[in-house]
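Work through the exercises below with the model open in a viewer. Each task is followed by a solution in steps.

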Amino acid sequence: MAKYKTLDDFQVKNKVVLVRVDFNSEIDPATKKVTSDVRIRAHAESTLKELAEKGAKTVVLAHQGRKGDPDYTPLKQHAEILQKILKCPVKYVDDVFGEKAKNAIKNLKGGEILVLENVRSWDGETKSGTPEQHSKTELVQNLAPLADLFVNDAFAAAHRGHVSMVGFTAVLPSAAGRIMERELKSLSKALEKPEKPSVYVMGGAKADDSLEISKYVLGNGIADYVLVGGVTSQLFLAAKGFDLGKKNMDFLAKKELTGLIPGIKALMEQYGDKVVVPVDVALDVNGKRKEIPVSKLPTEHSIFDIGAKTVENYSKIISAAKSIVVSGPMGVYENKEFNYGTKKVFEAIANSKAFSLAGGGNTTAAIEEYGLSKKIGYISTAGGALIEFLMGKKLPGVVALETAVKTKKI
Ligand code: 3PG
C-alpha cells in the first residue's frame, strides 16, 4: 500500500481542491516570457485535466522564480499557457490569499480551474518549517477553510519545506497528484531495488552533487558502476593524479571545485573499478576537436568532451546494464564539435534494454535534441529535487504527504 493517499482515494466532484504544482519554468530574461512549457504541460495533461474532468473546483498554487531573480514573474502567462494546453477556460487572479483570491475561489463552479498569483509574492512562503508550524501561517489560515482537499503535485519542489509545500497537510485531507505519484514510482524503481547491474552516469558541472550521489549509491549497493563525464570527470581525473594543465586546473579552481578532489580521491580508493573515468579526452584546439589519451596530459587546451575510446568503454558497460540513471552531459554538447560523447553515450542508454531514468535541464534538452525521448524509460521534470532524492535525502514535500492528517474525510 502506498504510504500516501492519491486522487483515487477521494471523490472530488464539486469539491474545492487546492493543488500545489511546480510551474517554475525557464524564462527569457529580456522578455520575461516562459521559454519551455514542459512542466506546465506535465501537470496540465495529468492531474489538472483529471480534476477538471471529475468536476472538481480546482485552485492552482505555484511559484515562478524567487523575488529579486530575473526569472521571478507573475503567473498570468502560466495560466494562459495552461488554458491553451487544456483547450478550456482557465481563470487567473493576481492575489494569493486576500479578498480577491477568496472571492474567486468561492465563485468557482465544478470543472473550473483558477490559478492564484505566484505564491512567492507572499514573503512568508520560502521559510522552511514543519507542517504544524506552517499550518499556522496566513497562507494556510486563509486558504484552508475554503478547501476540501490539498493535492501536492509539485515533486520538482518537494525538496523545499516551504509553506505551500507542507503547511496544508497538517489541516486538510491530502493526496499526491499524478505527477508526484509518477515521479516517486519511477525514481524509487531506480533507487530502491534497481535491477542489476545498475549504472549511474554522472556528467555536467555539478561535481559536488555527483560526488554526494556516487557516495550514496555506491555505499548502499544501489549502483554497480558510476561512469563520469563533463567537468565532473575532469575532477575525477585530477583526483587520480593526472595533471590536466594550467588552463583546465585554473578553470576548476575558478568554479571553486578543486576542494572536492580529496573527497573524490577517497571515493575512488574505496570503490576502485566501480568508478569509471575517461581514458581519453577531446581538446578544443582553435575551435576544432582533437582527441588525446589521458596518458598524454597535461595539455594547454581546454578539455571539452570525453574521447571515442571512453565512449566505447562506457557503451559496453551501459549495454550490459539492467538499470541506468543519467544526469548531466558528457561535454560541451551545445557545440557540434564537442557533442560526440554526449550523443553517443545517450544513444547507448536509449538503445539499451535497461530501465533508464534521466533528469536535469541540460540532460533533458540533449535527449530531446537527439530525438531519444521515447527510448528513455523515464524523464524526470525535477532538477534539485531529483538530485536530493538520488542522494538518499528525505524530501519534506513527500514526508508531509506521508504524515498528512489521516482523520478527515471529504
Ligand atoms: C526547481 O525548479 O528546482 C523548483 O521549482 C524549486 O525552485 P527553487 O530552487 O527556486 O526553490
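The exercises concern a predicted model and deal in turn with its ligand site, a helix pair and some backbone angles.

**Exercise 1. The ligand site**

Task: List the residues that surround the ligand, sort them by class, and find polar side-chain atoms close to oxygen atoms of the ligand.

Solution:
- Step 1. D22, N24, R39, H63, R66, R120, A156, H159 and R160 surround the ligand.
- Step 2. Sorted by class, this shell holds 5 charged, 3 polar and 1 nonpolar residues.
- Step 3. For D22, a polar side-chain atom is 2.6 Å from a ligand oxygen atom. In the side chain of R66, an N or O atom is 2.7 Å from an oxygen atom of the ligand. For R39, the distance from a polar side-chain atom to an oxygen atom of the ligand is 2.9 Å.
- Step 4. On its own the ligand has 310 Å² of accessible area, and the protein covers 82% of that.

**Exercise 2. Two helices in contact**

Task: Which residues make the contact between α9 and α11, and at what angle do the two helices pack?

Solution:
- Step 1. Helix α9 spans residues 230-239 and helix α11 spans residues 261-271. Their axes are 8 Å apart, at an angle of about 75 degrees.
- Step 2. Angles of 65 to 115 degrees count as roughly perpendicular, so α9 is roughly perpendicular to α11.
- Step 3. From α9, the contact uses L235, F236, A238 and A239. From α11, I261, I264, K265, L267 and M268 take part.
- Step 4. By class, the contact of α9 with α11 comprises 8 nonpolar residues, 1 charged residue and no polar ones.

**Exercise 3. Backbone angles**

Task: Where in the model are P197, P298 and K87 found? Describe the backbone there.

Solution:
- Step 1. Most peptide bonds are trans, and most residues other than glycine have a negative phi.
- Step 2. The peptide bond from K196 to P197 is cis, its omega being near -5 degrees. P197 sits in the loop between α7 (178-191) and β7 (198-202).
- Step 3. A cis peptide bond also runs from L297 to P298, with omega near 10 degrees. The loop between β11 (288-293) and β12 (302-306) contains P298.
- Step 4. K87 is not a glycine, yet its phi is positive, about 55 degrees. K87 lies in the loop between α2 (76-86) and β3 (90-92).

Technical notes. Residues are numbered from 1 along each chain as its sequence is written. This is a predicted model: local features need pLDDT of at least 70, side-chain atom pairs count only at pLDDT 80 or more; totals for chains, interfaces and linings use all residues. Side-chain values use heavy atoms; hydrogens and water are left out. A residue is near a molecule or strand if one of its heavy atoms lies within 4 Å of it. A polar contact is a pair of N or O atoms within 3.5 Å; within protein, one must be able to donate a hydrogen and the other to accept it, and residues adjacent in sequence count only if both atoms are side-chain atoms. Accessible areas come from the Shrake-Rupley method with a 1.4 Å probe; for residues, only the protein chains shown count as cover. Ala, Val, Leu, Ile, Met, Phe, Trp, Tyr, Cys and Pro count as nonpolar, Asp, Glu, Lys and Arg as charged, and the others, Gly among them, as polar. Axes are lines fitted to C-alpha atoms, for helices over the stretch in contact, and angles run from 0 to 180 degrees between N-to-C directions. Helices (H or I, at least four residues) and strands (E, at least two) are DSSP runs, numbered from the N terminus. Angles under 35 degrees count as roughly parallel, over 145 as roughly antiparallel, 65 to 115 as roughly perpendicular and the rest as oblique. Contact means heavy atoms within 4.5 Å.
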